[in-house]
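Got your viewer open? Load the model below and follow along, one selection at a time.

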Amino acid sequence: MRSSAELAITVQKSSIIAMDTRYNFRENEEKWQKAWDQHAIYETKENKPKYYVLEMLPYPSGRLHMGHVRNYTIGDVIARYKHACGYSVLHPMGWDAFGLPAENAAIKNNVHPKTWTLENIQHMKQEIKSLGISYDWKREIATCSPEYYGQEQKIFLDFLKAGIAYRKESFVNWDPIEGSVLANEQVIDGKGWRSGALIEQRKLSQWFFKITDFAPELLDDLAHLGNWPVQVKTMQKNWIGRSTGVRIRFSFLENEEGLETFSTQPGTLFGATFLGISPDHPFVEKLATSLPALQTFMAECRARGTSQKDIDTAEKKGFNTGLTLQHPFLKDKVLPLYVANFVLMDYGTGVIFGCPAHDERDYEFAEKYKLPILPVVEGPEEVSLPYEGEGTLINSDFLDGLSVKEANEEVIRRLVEKKIGVRETNYKLRDWGVSRQRYWGCPIPIIHCPICGIVPVPENQLPVKLPDDVSFDQPGNPLDNHPTWKHVNCPKCGEAAVRETDTFDTFVDSSWYFIRYCAPNFPQPIDKEKSEFWLPVDQYIGGIEHAILHLLYARFFTKALAKCGYWTISEPFKNLLTQGMVCHETYRDEAGAWVYPHEIEKRDGQFFKITDGTPIKVGRSEKMSKSKSNAIPANKMVEEYGADTLRLFMLSDSPPERDIEWTDAGIEGSWRYLNKVWRLVSSHVSMIKAIKLADVPLEFTDNAIELRKCTHKTIFHVSEDIERFHLNRYIARLREFTNAIEDFSPREPSELWALHEALHALVLLMAPAVPHLAETLWAALGHEMFVYEASWPKPDPDLLREESIKLAIQVNGKLRGTIEISPDLSEENVKNLVLDLPFVKAQVQDKIVKKFIYIPGRIANVVL
RNA sequence: GCCCGCUUGGUGGAAUGGUAGACACAACAGACUUAAAAUCUGUCGAUCGAAAGGUCGUGCCAGUUCGAGUCUGGCAGCGGGCACCA
């Protein structure tokens with residue numbers, strides 16, 4: 001507990017504010033941040049009902065950008081509000097500290113990734129602290145610290161035991177000039193971003209997590225995430241992509257062997273005119289050994305990046321194997337087998353039957369290779385091919401006349417009967433490849449022994465630490481090139497062996513950090529008791545760009561950890577808010593180069609470069625980014641306007657889930673509003689201080705009642721707005737309320753009391769958004785405790801009631817006027833009243849009133 | 001290419017299927033000031049009208065409804081994601 005004497009001194013000091021004409025944010029923000037720290041008010045307590053507010057942990061790029069500020073401000077409003085409502089709040093912050101940019105910086109600027117990262121963290125932490133967010137820094141996590149990643153290695157070993165982690169071959173982007181693996185981001189138009197070399201797909205043996213085992217759960221549990229945005233759930237649903245169909249075996253004419261296809265539209269089987277097989281199919285690899293032309297074709301298919309976009313937008317290419325397969329139902333029909341680059345090995349069986357008349361991709365392919373196109377579904381009206389809609393089967397033997405759905409069922413029934421088909425459920429979701437051929441990541445705790453094979457590092461030897469003495473002078477992974485680090489003795493047989501030199505995908509780090517916050521120093525990865533107290537996260541807030549991958553991986557981890565016996569939680573995030581981006585106009589100089597906003601000036605409505613006065617072309621508003629030079633540095637804004645102004649601006653104008661446009665005018669407006677509130681409160685302090693809120697007057701004047709109604713309505717609406725994340729409306733209501741108080745001039749004691757009540761409420765209500773100013777004004781009003789510790793105000797229901805309401809009157813759905821009525825009037829009374837109105841009579845004239853619609857409190861509609 | 005969104009005044013936005021434009025920003029006019037800044041007051045979707053008031057208006061086209069910014073179908077433009085950026 002803090003001593004009240006100590007605080008009283010602070011209060012004394014801050015009451016001098018009335019002397020100045022402008023709010024001194026520099027002095028006050030620094031003072032309160034220090035005081036909060038000293039009294040450790042943001043340290044997590046566990047004595048009340050819990051509420052876990054979480055913002056996505058940032059990558060320590062070095063600078064705090066506006067997207068971060070927006071994210072943390074939204075979170076802070078919720079955290080402070082929930083705290084005021086009487087919850088024990090967990091509100092932590094940390095660093096997603098592994099990843100590519102550190103290595104890029106190492107190569108470009110010859111700085112060690114660790115040094116670069118730790119310095120960035122230092123710097124960004126100061127910037128975040130200057131925002132006055134209510135974080136419990138005692139729980140801070142950096143994923144690059146051995147304390148964190150060592151526990152992650154432990155989790156991996158558990159996954160390995162549980163059969164969730166396994167090894168298989170898969171493709172990477174190989175840059176033949178650099179001699180290293182590239183991220184999709186580093187492949188531009190099929191070429192390496194640094195070398196410009198044509199990228200080829202290369203097969204490597206890598207570690208995978210069996211997320212597909214959890215596909216049904218990940219899909220079905222979406223239904224329980226009631227407070228997730230629907231579009232996020234839809235995206236995840238489509239990503240997991242459950243589909244039911246049939247696996248059909250086709251036999252070769254030439255020999256006994258066959259190939260299995262998967263189809264979700266087996267009803268179109270009679271329209272099949274070819275079979276397509278993936279170039280990565282084992283059968284093709286076998287076939288290619290004796291077919292040099294096929295080898296060339298396969299190499300062609302692999303001369304591109306691994307991203308889905310590259311695959312989908314690549315030109316459709318095929319190779320006729322010359323082999324033919326028998327149609328399952330038509331004795332006389334044979335289908336040629338093409339190796340086709342659009343058939344994916346990862347989905348289904350890697351073989352399809354092509355029905356060009358009713359599939360877009362098959363159609364394109366058939367056109368190109370002059371394959372027959374046979375329609376088997378007739379649409380309700382004349383349709384152009386390919387036609388993928390509903391219809392009736394034709395040219396299809398025993399399926400003729402059936403609907404597509406019936407045909408699917410019937411053909412499956414017959415295939416199963418003939419024992420050449422099995423009903424099958426498939427998922428688009430693929431297993432999660434977690435191996436990265438990079439240095440700056442969590443080492444995978446595995447030893448490869450020539451005798452024992454794959455041997456897990458014993459738990460008591462964890463963490464497997466990253467060596468610091470690495471060089472980026474050679475191509476490839478520095479861990480792989482390290483002279484000593486990877487050479488160890490096998491823990492099993494003691495013979496010479498090598499460490500796994502791949503590190504984890506950084507998505508692994510961010511898949512469980514929110515669990516670690518619950519007990520950041522626990523000697524095991526997860527403290528069951530603490531995490532089951534705090535989890536699931538009550539409110540998760542972050543960018544919409546994470547809608548699929550990060551959120552799906554974190555959900556998977558939660559379920560996988562449950563399978564390993566860590567706990568019984570099945571979903572990590574109860575509520576999710578996906579915030580929009582912060583955008584800004586873009587500027588280019590005459591040469592077309594991007595120019596920063598601070599490098600330009602405005603004269604007569606035109607923009608010019610400050611340095612040389614050349615004109616600037618203004619482009620459309622885009623997401624703030626380094627590459628477009630349109631980012632406004634957060635720290636500069638904090639210096640110029642203070643944290644509260646910046647926070648206020650981030651909350652005003654746009655609702656959280658929408659993009660927000662950065663404007664200088666907007667930040668100015670927020671600054672003006674803060675000063676207005678500061679002047680309003682400070683100018684009344686001496687007048688109302690004598691009036692104690694505890695001494696409620698027995699009677700109020702009409703004036704006082706009017707203000708009190710406004711106060712309590714504002715309390716009601718603000719609470720509702722925050723609960724619903726209508727944070728821009730929350731700010732709008734504060735402004736409205738402020739305007740109402742400004743217009744109020746008290747003339748007698750009950751009015752002074754009402755004014756005191758209003759100002760008291762205003763400060764409490766604004767505290768989650770602008771905590772520094774709120775503390776300053778709270779102290780000025782004579783309080784000795786922090787406003788952070790004050791309870792959220794409750795509206796008086798008596799003051800929320802309306803004696804008369806405005807009712808809109810429509811005739812035939814068109815607004816004709818409004819009337820004031822008592823809300824208790826019966827429909828019959830309202831009807832008589834409305835039909836008697838002159839402006840209604842003028843419309844009705846001698847027509848008959850067909851219908852009278854009355855929605856109490858909303859509208860009355862006379863239908864003629 | 002595939003999946004998911006978004007589109008309302010000069011601008012950001014508000015509106016449980018029920019008075020479109022709350023609250024702001026910008027602009028303009030005025031007050032205060034020697035002046036400027038700051039602050040305060042007023043006007044502010046388009047159009048017709050002296051006014052009262054009318055008509056039109058939420059990206060485009062159609063539909064459902066007594067009533068559509070809101071629901072349904074189609075189209076356009078812009079954005080997010082696409083499995084190795086985080």
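Here is a short tour with two stops, a sheet and then a pair of helices. Keep in mind that this is a predicted model.

**Stop one: the sheet**

Select residues 446–449, which make up strand 21, together with residues 496–499, which make up strand 24. These two strands run antiparallel and are joined by 2 bridges. Now click on H448: standing opposite, in strand 24, is V498.

Next, widen the selection to the whole sheet. It is an open one with 4 strands, and reading across you get the order 22-21-24-23, with antiparallel pairing. Which strands sit at the edges? Colour 453–456 for strand 22 and 487–489 for strand 23, and you have them: each of these pairs on one side only. Turn the view a little and look at how the strands are angled: on average, neighbours in this sheet are turned by 40° against each other, direction ignored.

**Stop two: the helix pair**

Now jump to residues 643–651, helix 20, and add residues 664–688, helix 21. Their axes come within 8 Å and cross at roughly 120°. Because of that angle, helix 20 counts as oblique to helix 21. The crossing of helix 20 past helix 21 is right-handed.

To see what touches, show side chains. On helix 20, pick D644, T645, L646, L648 and F649. On helix 21, pick G666, I667, S670, W671, Y673 and L674. What kinds of residues make up this contact between helix 20 and helix 21? Colour them by type and you'll find 7 nonpolar, 3 polar and 1 charged.

Technical notes
Residues numbered from 1 in each chain as written. Chains lettered and ligands numbered in written order. Predicted model: local features only at pLDDT ≥ 70, side-chain atom pairs only at ≥ 80, totals over all residues. Heavy atoms only, no water. Axes fitted to C-alpha atoms, helices over the stretch in contact; angles between N-to-C directions. Parallel < 35°, antiparallel > 145°, perpendicular 65-115°, else oblique. Left-handed = near helix turned anticlockwise from the far one by under 90°. Contact = heavy atoms within 4.5 Å. Nonpolar A, V, L, I, M, F, W, Y, C, P; charged D, E, K, R; others polar. Pairing = 2+ DSSP bridges.
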